[in-house]
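User: I am new to reading protein structures. Can you walk me through one, feature by feature?

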Amino acid sequence: MLRLRELADGDAESVRRVYGGGAADLWFGAMTADQALAYVREAARDPVLLVRGIEVDGELVGVVRLDRASGQLSYLVREDARGNGHATAAVRELLARVRPAGERKVVAVQRVANAASGRVLAKAGLVPVRTAVGYVHWELPGRGAR
């Protein structure tokens, strides 16, 4: 069973694995242990960021994140847990939580080469608005800019 939950210091190693070697699509490369701990702590203290761990059957397999200032949505599921619908379920659940809270803008960016990410965004209700320089830009319809 999938659930979204807040991250804690004890999740740093799991977060490092999520953003680890199989995360070749990341522009910043694999995360170190120190970076993972800093990420978890920032998620806990920054009120602008809504960061939730994606837990499946008691194991942290991914992270979904919304920057409330920019409306930027992002997510990542550990390589060995991909293809099971976890990202789609997590994005849908996060969006269901922020809609009643009045978030007016939600956008995402996907590499053209990462078709699976595009399918996640489409299933979650976002629509592609433009493609530029190898990236597809998505937006949640019915939301005005801030």
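Analyst: Start with contact. Two residues are in contact when they have heavy atoms within 4.5 Å. Keep in mind that this model is predicted. Now take helix α3. Its buried residues pack against β1 (2–5), β2, β3, β4 (72–77) and α4 (115–123).

User: Which residues of α3 are buried?

Analyst: Buried means under 20% relative accessible area. In α3 the buried residues are His86, Ala87, Thr88, Ala90, Val91, Leu94, Leu95 and Val98.

User: How do I check the length of α3 (residues 86–98)?

Analyst: Count residues, then compare spans. Helix α3 has 13 residues, which should span 18 Å at 1.5 Å a residue. The end C-alpha atoms of α3 are 18 Å apart, which agrees.

User: What does the same check give for α2 (residues 33–45)?

Analyst: Helix α2 also runs for 13 residues. From first C-alpha to last, α2 reaches 19 Å, close to the expected 18 Å.

User: Which residues of α2 are buried, and which are exposed on the other side?

Analyst: Ala36, Tyr39, Val40 and Ala43 are the buried ones. Seen down the axis of α2, these buried residues fall within an arc of 95°, so they line one face of the helix. On the other side of α2, Asp34 and Arg45 are exposed.

User: What does the buried face of α2 pack against?

Analyst: The buried residues of α2 pack against three elements: α1 (12–18), β2 (49–56) and β3 (59–67).

User: How many aromatic pairs are there?

Analyst: To find one, look for ring centres within 6.5 Å. The count here is 1 aromatic pair. Tyr19 and Tyr39 form it, with 5.4 Å centre to centre and 50° between the planes, so it is classed as tilted. Tyr19 sits in the loop between α1 and α2, and Tyr39 in helix α2, so the pair ties together parts 20 residues apart in sequence. Both Tyr19 and Tyr39 are buried.

User: What should I know about nonpolar cores?

Analyst: In soluble globular proteins, nonpolar side chains tend to be buried together. The largest nonpolar core here has 26 residues. Those with the most contacts inside it are Ile54, Val64, Leu73, Val91, Leu95 and Leu126.

User: Which elements give two or more residues to this core?

Analyst: They are β2, β3, β4, α3, α4 and β7 (135–139). The largest share, 6 residues, comes from α3. A second, separate core has 15 residues, including Val15, Met31, Ala36 and Val63.

Terms used: Residues are numbered from 1 along each chain as its sequence is written. This is a predicted model: local features need pLDDT of at least 70, side-chain atom pairs count only at pLDDT 80 or more; totals for chains, interfaces and linings use all residues. Side-chain values use heavy atoms; hydrogens and water are left out. Helices (H or I, at least four residues) and strands (E, at least two) are DSSP runs, numbered from the N terminus. The expected span of a helix is 1.5 Å times one less than its number of residues. Buried means under 20% relative accessible area, exposed over 50%, partly exposed in between (1.4 Å probe, protein chains only). The arc is that of the directions from the helix axis to the C-beta atoms. Rings of Phe, Tyr and Trp (its six-membered ring) pair if their centres lie within 6.5 Å; planes under 30 degrees apart count as stacked, over 60 as edge-to-face and the rest as tilted. A nonpolar core is a set of buried Ala, Val, Leu, Ile, Met, Phe, Trp, Tyr and Cys residues joined through side-chain atoms within 4.5 Å.
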